[in-house]
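Please open the structure in your viewer and keep the selection tool at hand. The tour below proceeds residue by residue.

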Amino acid sequence: MSLRLPSADLVITGRDPEAVLSAKIIGATAVALVVAAAGVPLNRAGLLPVLFVLIALVLVGAAAYLLPDVLVRRQARARREEFIQALPVWCDLVALEMAGAAAPQEALVTAAEAGTTWPMHALRDTLHRAVLAREGHWQALTDLGTRIGIPDLAELGRLSQLVSHEGAQVRDTLIERAASIRRRALAGSLGQAGQRDESMRLAVLVVAAGVIGLMMFPGAMAVMSL
């Protein structure tokens, strides 16, 4: 795992890089001071060797320094999963609006305004800014997908931009991408369920082996003592 946070993780979580860095430095310093305050008296009392205190300082300080990165990555992963779940719904809504004779640009905004989740808000705000900046809607969505690390959105924007002059092709593209995202999400869920089942089986085997070992241990010791 890279020690440097990807910019997409910071963007999708709304975190400022300087604020994250400050949290890392302050957290590591505070934890190191606590460990030092507890370890130095114990060392002077002869209860802890100085090497142990130094190792604890390094390990705990490093953990505190990396903790904000872990939290940001976890939040970014959760937000991406939420966005990917909302994306096919939005695609379907856009396709429905276009089937009702709405123009593609109008359908994009109307579909985004139908939702109250943060992915819908992000889509709506991006489209509104594109209007103010006189930027193409599909290009704005492509840029958003790139910035927040959602390849499905970026690819959808690029594909739709290629056929933007044909409303029917845009609608078909949206429907196909929505179905593709759902299939991939289902496959991922099934894979995770299989991994959990394997983990449970392994845990049961380990526990069973431990129980058998404990049951056999007294007999084995008795045999060895003969």
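Begin by selecting Thr13 together with Val72, Gln75, Ala76 and Arg79: Thr13 is in contact with these four, its neighbours within four places in sequence being left aside. Contact means heavy atoms within 4.5 Å. This is a predicted model, in which local features need pLDDT of at least 70 and side-chain atom pairs count only at pLDDT 80 or more, while totals for chains, interfaces and linings use all residues. Residues are numbered from 1 along each chain as its sequence is written, and side-chain values use heavy atoms, with hydrogens and water left out.

Remain at Thr13, which lies in helix 1 (residues 7–13). Helices are DSSP runs of H or I with at least four residues, numbered from the N terminus. Is Thr13 buried or exposed? Thr13 is buried because its relative accessible area is 10%; buried means under 20%, exposed over 50%, and partly exposed in between, with a 1.4 Å probe and protein chains only. Now add Leu10 to the selection: its backbone oxygen lies 3.3 Å from a polar atom of the Thr13 side chain.

Next, select Arg134, in the loop between helix 5 (118–132) and helix 6 (137–148). With a relative accessible area of 81%, Arg134 is exposed. The phi of Arg134 is near 55°, a positive value in a residue other than glycine. Most residues other than glycine have a negative phi.

Finally, select Pro151, which lies in helix 7 (residues 151–162). Pro151 counts as exposed because its relative accessibility is 59%. Add Ile84 to the view: Pro151 and Ile84 are 67 residues apart in sequence, and their C-alpha atoms are 9.7 Å apart in space.

Terms used
Helices (H or I, at least four residues) and strands (E, at least two) are DSSP runs, numbered from the N terminus. A polar contact is a pair of N or O atoms within 3.5 Å; within protein, one must be able to donate a hydrogen and the other to accept it, and residues adjacent in sequence count only if both atoms are side-chain atoms.
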